[in-house]
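Colleague: Could you take me through one part of this model in some detail? I would like a close look at how the two domains of chain B meet.

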Amino acid sequence: MSSAAGTTKEPVAIVGIGQTRHVAARRDVSIAGLVREAAQRALQDAELTWQDIDAVVIGKAPDFFEGVMMPELYLADALGAVGKPLLRVHTAGSVGGSTALVAADLVAARVHRTVLTLAFEKQSESNAMWGLSLPVPFQQPLLAGAGGFFAPHVRAYMRRTGAPATVGSLVAYKDRRNALKNPYAHLHEHDLTLEKVQASPMLWDPVRYSETCPSSDGACAMVLTDRAGARRAPRPAAWVHGGAMRSEPTLFAGKDFVSPQAGKDCAAAVYRQAGITDPRREIDAVEMYVPFSWYEPMWLENLGFAAPGEGWKLTESGVTELDGDLPVNPSGGVLSANPIGASGMIRFAEAALQVRGQAGEHQVPGARRALGHAYGGGSQFFSMWVVGADAPGA
Amino acid sequence: MSATPGPAAGTPQVPDTPPAREIAVVAFAQSDHTRDSAEVSEAELLLPVLQDVLGQAGLRAGEIDFTCSGSSDYLAGRAFSFTMALDSVGAWPPIAESHVETDGAWALYEAWVKLLTGDAETALVYAYGKSSSGEVRDVLTRQLDPYYVAPLWPDSVALAALQAQALIDAGATDEAALAGVAARSRADAAANPHAQLTGPVPHGPYAVRPLHTGDCPPVTDGAAAVVLAAGDTARRLCDRPAWIRGMDHRTEAHGLGVRDLTDSPSARLAAERAGACERPVDTAELHAPFSSQEVILRRALRLDDAVRINPSGGALAANPMMATGLIRIGEAAQRIGRGDSRRALAHATSGPCLQQNLVAVLEGEPR
């Protein structure tokens, strides 16, 4: 990609983060109530008011999940957007990340100074699994939900790498234990054991029930601002050091579903922008989109944290534990809370919380740089950002 | 008021160094719009349009720095419908790409911002809609407040009629004037080879009083695409780029009961923010699916009789949902490219009764 000579982007700071307590069904609030809860928490964190917001960028996954077409129209009032620009993004499962990147561009381009970005899903309004199962003739009648789509690619990974069958359960057990330290996580399974994960029902071989993300209601919001906004912020800011999106087709001859090229390219672009040459050493915490346990070792390789075929060894040896040298999903990740449209933004926000030193009990000590990652569609849409505790170039 | 982007109204600060990047529409293509395209998929509908627009710009898909599209799953009747439309782009090797779940004019806005950051020199924007897949009047009711309004199924024509009646009650128009808007649009559309409804069209019986069938848009399947480029790249790709002097969009409240339906303050604010009021425009392409909405927009944007309105025929001649707004920008750019306009306003809308509005100001190279 070319770059314009003489054009300098405004550095982008994350100064407010808010999310809802993710649960199976928020029957106590409307869709508007859900998004407003997250937005107000982000504003409170930034100590700003609705009047300080210049524009709103909102994302969510398919509208069928709530049965509301283009819900940003109905949500304009709840998001304080009346009289302001309101932009709706939808890039499948990566949307939470993409939405944050579109918002960041508005600040980077100096179109706006302070932008509220938010993503949500209220999955209890419908049945997400069947919402993801397209009717004939759009898809072969073999797939039931996302698990049916991704399980064959997990099996391909296992065959390709010879990874032991237990690796998936290690990821699930780790993420669900991490979630106990995150008050916003959906699943708090205090009595879970590794044996229980390994004995849980098989859903889509080799993906077991306890290795599968839940279906959640939840929202996540962030306030992004420029340098002047960051100077006024009451708490430490996280800074965007790099951000990128990459897409490739759903199906084509030669597609590598195990390690898609779009994911590799996206990571390479983000690392280049952030000046990172050795991600394993230079990144202190990772929040990656792992809806099925095996995607942790798969993405470790795709994102350049491990050589091809070596990702599962990092997982197996404890490197990705909260106290390992590359903690992955300290928040508990998508395996512990999955409001689909919001899940990518939660990854981005949790990465920012880490470098702000505000992740609470699941804080990685001394985290200075963190990666937020999201993917969607048929492993074809990727969005990522690297955030740091220091302003870029500082 | 500034032609360059700035902070929202009411925010006193001005950015330290406003962006000074020139960005232009360098190519535009659209399908021949039809009532029903059942024989082709969305990807097949798009493919020739994308080939056309890239051919005009002399670019291959892989040479585009950023791609952004607009479409709606509810029109397609299935989740993630845009993922398969991506096949028409040929996103291999992987591309930097995004999608908005609304009219493609907002996809163009996202691409414009990407070019403003300096991270891209060129962008491909496309949009499509196949309203024939369902009953679009019923489908659009799903846009409404899901708790208090959508259960009543007030359809898009009924809501537009409510708005038209308010306009007539305010003394701003009458049924004869609305019929005149419709007739002028279809007469102009006769010169537009892509239009669906052209020439003398019977004004017909009431669809929903006071709107006659002639006041309403056709139900349309279609697609459109635009190539954007920055600075000297635009000059290299195009003899006469249509420079985007400013662009902005604003939303209003969703509840119809709290809005003055006879006015469009969000369109006016977007126009002001886009710099439309600094100098008069000679042409306006307004995304007004109903004749009455053209009247509202002309009043809100203070477009007098000297301004040529919708020379393409507008949405009353072809209304491929999710592409209609992008087509307004493309049509305005094309008139500038042909030398038929020096300064044009392009407008797009989304939501019931003009809830959300986008305005772009385009100009030819100063001569």
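Modeller: Gladly! The domain assignment splits chain B into domain 1, covering 23–134 + 219–237, and domain 2, covering 136–217 + 244–362. Please keep in mind throughout that this is a predicted model. Taken over C-alpha atoms, the centres of domain 1 and domain 2 of chain B are 22 Å apart.

Where they meet, 36 residues of domain 1 of chain B are in contact with 27 residues of domain 2 of chain B. On the domain 1 side, the elements of chain B that give two or more residues are the strands β1 (23–30), β4 (122–130) and β7 (221–230), together with the helices α2 (73–76) and α4 (104–117). The largest share of that side comes from α4(B), with six residues. Sorted by class, the side of domain 1 of chain B that touches domain 2 has 18 nonpolar, 14 polar and four charged residues.

A good residue to centre your view on is B:L228. In the largest nonpolar core, which has 255 residues, B:L228 is listed with B:V125, B:V226 and B:L362 as touching the most other members. Leaving out residues up to four places away in sequence, B:L228 touches B:I23, B:A24, B:V25 and B:V26, and also B:A111, B:W112, B:L115, B:T122, B:A123 and B:V125. Apart from this core lies another, of five residues, with A:A179, A:Y184, A:A185 and A:A337 among them. As a general point, nonpolar side chains tend to be buried together in soluble globular proteins.

Now step back to the whole of chain B. There are 11 helices and 12 strands in chain B. The radius of gyration of chain B is 19 Å, close to the 21 Å that the globule rule gives for 367 residues, so chain B is as compact as a globular protein of that length. Its C-alpha trace spans about 50 × 50 × 40 Å along the principal axes, and 63% of the 367 residues of chain B count as buried. Among contacts in chain B between residues at least 6 apart in sequence, 79% join residues at least 24 apart.

For a companion view, turn to chain A, which is divided into domain 1 (4–127 + 216–239) and domain 2 (146–184 + 192–214 + 242–388). There, 36 residues of domain 1 of chain A are in contact with 37 residues of domain 2 of chain A. On the domain 1 side, α2(A) gives the most, with eight residues.

How values were computed. Residues numbered from 1 in each chain as written. Chains lettered and ligands numbered in written order. Predicted model: local features only at pLDDT ≥ 70, side-chain atom pairs only at ≥ 80, totals over all residues. Domains from an automatic or database assignment. Contact = placed C-beta atoms within 7 Å. Helix = DSSP H or I, 4+ residues; strand = E, 2+ residues; numbered from the N terminus. Nonpolar A, V, L, I, M, F, W, Y, C, P; charged D, E, K, R; others polar. Rg over C-alpha atoms; globule rule 2.2 N^0.38 Å. Buried ≥ 20, exposed ≤ 12 C-beta atoms within 10 Å, placed from the backbone. Core = buried A, V, L, I, M, F, W, Y, C linked by C-beta atoms within 7 Å.
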